Amino acid sequence: MKPPVRVAITGAAGQIGYNLLFRIAAGDMLGNDQPIILHLLDIAAAQHILNGVVMELHDCAFPLLMDIVTTDDPLIAFTDIDIAILVGARPRAKGMERKDLLSANAEIFSIQGKALNQAANRNVKVLVVGNPANTNAYITLKNAPDLPIKCFSAMLRLDHNRALSQIALKLGQPVSKIKKMIIWGNHSSTQFPDLSHAEIDGKKILSLIEDQSWVEAYFIPTVQNRGTAIIEARGSSSAASAANAIINHIQDWCFDTKKDDWVTMGIPSDGSYDIPEGVIYGFPATCQAGTYHIVQGLEINNIAKLKMFATYQELLEEKNAIKHLLPR
Ligand code: NAX
């Protein structure tokens with residue numbers, strides 16, 4: 001039997017947690033021969049709910065689930081962990097301004113970054129999901145200077161999956177055939193879902209869409225605003241699809257992306273595609289041997305460049321709003 005992998009999940013008592021924990025424990029993320037120890041973090045006020053979730057996890061009698069740690073202390077939650085999925089975040093309360101939300105989350109992710117720095121395995125994979133995900137991931141990595149920068153990523157996979165599905169529906173083709181989708185930038189409505197490199201059966205998808213105005217008028221805004229549309233329809237935000245995207249993201253990171261394809265990951269900018277260093281930005285990425293790489297050499301036209309820069313600017317504004325909270 002393989003040694004167990006320790007997976008920490010924050011915000012474990014929340015609705016994404018409820019859609020995620022059971023799938024991880026069942027082996028959907030790391031395979032059905034990989035034992036798992038879950039480290040579940042939530043705030044003190046949510047421990048009662050978390051206990052109920054743990055009761056249900058026990059009641060599933062998952063053969064792969066070796067142990068469960070529950071706590072409201074990030075240091076305990078992150079001790080010796082191999083994977084951290086940071087879902088818990090402060091939601092926007094009534095009357096709260098955007099900068100207040102950014103500051104509240106900066107505080108949470110500063111504490112968690114420091115705890116990861118102190119207690120996690122040195123090759124931990126950290127995926128930040130809680131919003132604003134890109135900026136929260138940046139705060140986390142800035143507070144964990146002893147961990148390699150490539151330990152960190154933010155989730156844009158849900159946006160990527162939404163884009164794949166819209167194209168599959170438009171072309172009446174299976175989603176598995178759509179390749180090379182990109183969501184550039186921020187996990188927000190400024191993101192740029194870019195179809196110009198996407199392919200099906202080796203053909204450019206743009207060449208198969210007869211009505212080109214559909215891309216600007218329907219595809220891009222539908223993907224950008226899908227989160228809001230789900231809230232309007234369901235009365236609460238995406239949970240099952242978010243949990244599924246988390247599993248996809250970690251799976252690709254741990255076990256490699258498919259040949260001749262890539263995925264979108266929020267990763268530290270390194271100057272690629274003229275996006276300056278210092279933000280976590282959605283890039284096309286491949287993963288090999290547990291490490292991600294930004295896909296290089298894609299041709300970018302001037303209109304795309306403007307859209308890529310606009311979403312970068314939003315990230316810069318977010319960073320500027322919390323920069324007084326960042327370590328020097
Ligand atoms: P819920 O409000 O259902 O759950 C959040 C949980 O986090 C709660 O149990 C809460 O007690 C806990 N929490 C709050 N502060 C914490 C802290 N300091 N430490 C540990 N736990 C803490 O929200 P849910 O629907 O599960 O969504 C969680 C986050 O994911 C939100 O920020 C949401 O905006 C974000 N999302 C991000 C997505 C992405 O693609 N990056 C998509 C889905 C989702 O909207």
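This is a short chat about the ligand site and the cavity in a predicted model.

Student: Hi! Where does the ligand sit?
Tutor: Hello! The ligand sits in the largest pocket. Keep in mind that the model is predicted.

Student: How many residues surround the ligand, and which are the closest?
Tutor: There are 23 around the ligand, and the closest are Gln 15, Ile 16, Asp 42, Val 129 and Asn 131.

Student: How do the residues of that shell divide into nonpolar, polar and charged?
Tutor: The shell around the ligand has 12 nonpolar, 10 polar and 1 charged. Helix 1 (15-26) and helix 4 (98-119) each give at least two residues to the shell.

Student: Which N or O atom of Gln 15 lies 2.9 Å from the ligand, backbone or side chain?
Tutor: A backbone one, and its partner is an oxygen atom of the ligand. With Asn 131, a side-chain N or O atom is 2.7 Å from a ligand oxygen. For His 187, a side-chain N or O atom is 3.3 Å from an oxygen atom of the ligand.

Student: And what part of the ligand's accessible area does the protein cover?
Tutor: The protein covers 80% of the 880 Å² that the ligand has on its own.

Student: Changing topic: how many cavities of 30 Å³ or more does a search find?
Tutor: The whole structure gives 1. The largest cavity has a volume of about 30 Å³.

Student: Which residues line the largest cavity?
Tutor: Its lining is Asn 134, Thr 135, Tyr 138, Val 279, Ile 280, Leu 315 and Lys 319. That lining splits into 4 nonpolar, 2 polar and 1 charged.

Student: Which helix gives the largest share?
Tutor: Helix 5, with 3 residues of the lining. Helix 10 (302-322) also supplies at least two.

Terms used. Residues are numbered from 1 along each chain as its sequence is written. This is a predicted model: local features need pLDDT of at least 70, side-chain atom pairs count only at pLDDT 80 or more; totals for chains, interfaces and linings use all residues. Side-chain values use heavy atoms; hydrogens and water are left out. On a 1 Å grid over the protein atoms alone, a cavity is a set of points where a 1.4 Å probe fits but cannot get out, and a pocket is an open set with protein on both sides within 12 Å along at least five of seven lines; lining residues have an atom within 4 Å of a point. Grid points are joined across faces, edges and corners, and a volume is the space filled by probe spheres set on the points. Helices (H or I, at least four residues) and strands (E, at least two) are DSSP runs, numbered from the N terminus. Ala, Val, Leu, Ile, Met, Phe, Trp, Tyr, Cys and Pro count as nonpolar, Asp, Glu, Lys and Arg as charged, and the others, Gly among them, as polar. A residue is near a molecule or strand if one of its heavy atoms lies within 4 Å of it. A polar contact is a pair of N or O atoms within 3.5 Å; within protein, one must be able to donate a hydrogen and the other to accept it, and residues adjacent in sequence count only if both atoms are side-chain atoms. Accessible areas come from the Shrake-Rupley method with a 1.4 Å probe; for residues, only the protein chains shown count as cover. A molecule sits in a cavity or pocket if more than half of its atoms lie within 2 Å of its grid points.
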